[in-house]
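This report follows the salt bridges of one protein model for a reader who meets it here for the first time. Please keep the sequence and the structure in view while reading.

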Amino acid sequence: MEKEKYHFIAIGGIGMSGLAKYLLQEGFKVSGSDINDSKYMNELKRLGAKVYIGHDENNVPENCVVVASSAIRENNPEIQKAKKLGLKILHRSDVLKELSERSKCFIGYAGTHGKTTTSGLAAYVTDKAGLEPSYVVGGIIPDINTNSNYKSDKYFIAELDESDGTVIKYNPHVLVINNLEADHLDFYKNGLDSLIETFENLLSKMDDTQKVLINNDSEGNLKLNGHNFITYGLNNADYVAKNIELTPLGSSFDIYYKDKILTDLKIKLLGKHNVVNALAVFASLNEAGVDVEKVKEHFSTFSGMGRRFQLIGEVNGAVIYDDYAHHPTEIKATLSALTEFKDKNVIAVFQPHRYTRLQSLWNDFLRAFDGVSKVFVTDVFAASEDKIEGVSGEKFASQLKNAQHISGNMKDVANAIYPQLKNGDIVVGLGAGTITELGKYLLKSGK
């Protein structure tokens, strides 16, 4: 029997490309389209996908399953063609759900922050230990250099996105909830209350054989009901990280379970928030029945996910980093990790991501940049949203101490920042949009 064909609308993004690659590795035929070319699409072409630049109804093959994300609007010509042909249309979460149901042990990582790092770290250490995990995560895993892989049906590791409420579709054997905070307020109209309601809906479908681990230090998590939780954190939890030592090269700590020491752990990642991320991964793998002695040594070689405090390079003695942080809590965590670089001049370049997020969390964002020498604020990255009157990067910068607004594209931003950089500066780009191009342009400016 011939396998189904899949056509992805907007195949070039990190999430959609991961699903497409996984299906190709399983032997399915895959095609897809996107507005612009990307490095992810080049990999898909190499694996045999048929890829189109631009959305056109003629891109859609007959007798296929069409896959789209929440960002694809009803007037998209390929969606309209699929409906005209009567094709099956799946949300990307439906595809991930199907993949997860083929495994013997599905481990899912969810929550407002940290799910890409935790899912990526779990995939990395189990892969390096030779356990042949299959996985789909929301970033490029270092060294392995991929965001997804099909290897076996023993373990399936995935990042579970909560942004559009589709997290309720999944049914993991082991679920990690890193933290819950108000975000994606275009979808969660009542803020944290709506988010908690969604996760309690997910938990209501899980039975006592399924394990749910929550970060006990998250105030949002503590409002959750609906399951017998296994807790982890820095105090008062089942799994606790103690004797923590933070350095500019990483961290080391001991892991206790129910007040008895289990092991010690070393990680390359900076900041106390990454101690908690590593603890979450260790605890979840232990609860999944993984031999943690086999994976332990590989925690110390994980250098972080792509766009998670990623070192880009150096220009005129200034060191450039790129970070995906686009929520006030994420920005605080990233910048707090930089306190290990003592006597350095820290410069943040912030690209607000979505008008709704900036508007709803305005005051929280204003408090997120404490301890930074200078903040450059770019124009808002709309991410398909319409502008909101009175919400802009320029207005935000005017209310933020030591801040300067820079308009234009990332090349313009880099050209404006470059003359102000000095030897010993630490520059970190913050945001989920085109800010990731900043480092590239800064390095070019230095040539």
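A network of salt bridges links Lys21, Glu43 and Arg46. The model that shows this network is a predicted one, and its salt bridges come to a count of 18. Three pairs among them are set out below.

| Acidic residue | Basic residue | N to O distance |
|---|---|---|
| Asp94 | Lys169 | 2.9 Å |
| Asp186 | Arg354 | 4.0 Å |
| Glu287 | Lys211 | 3.1 Å |

The salt bridge of Asp94 and Lys169 links distant parts of the chain, since Asp94 belongs to helix 4 (residues 92-100) while Lys169 sits in the loop between strand 9 (155-159) and strand 10 (174-177), 75 residues apart. Asp94 is partly exposed, at a relative accessible area of 22%, and Lys169 is partly exposed at 25%.

The side chains of Asp186 and Arg354 also meet in a salt bridge. Asp186 lies in the loop between strand 10 and helix 6 (192-204) and Arg354 in the loop between strand 18 (345-350) and helix 10 (355-360), so this pair ties together parts that are 168 residues apart in sequence. Asp186 has a relative accessible area of 31% and is partly exposed, as is Arg354 with 21%.

Glu287 forms its salt bridge with Lys211, and because Glu287 lies in helix 7 (residues 272-287) and Lys211 in strand 11 (residues 211-215), the pair ties together parts 76 residues apart in sequence. Is Glu287 buried or exposed? Glu287 counts as buried, because its relative accessibility is 15% and buried means under 20%, whereas Lys211 is partly exposed, with a relative accessible area of 29%.

Conventions
Residues are numbered from 1 along each chain as its sequence is written. This is a predicted model: local features need pLDDT of at least 70, side-chain atom pairs count only at pLDDT 80 or more; totals for chains, interfaces and linings use all residues. Side-chain values use heavy atoms; hydrogens and water are left out. Helices (H or I, at least four residues) and strands (E, at least two) are DSSP runs, numbered from the N terminus. Buried means under 20% relative accessible area, exposed over 50%, partly exposed in between (1.4 Å probe, protein chains only).
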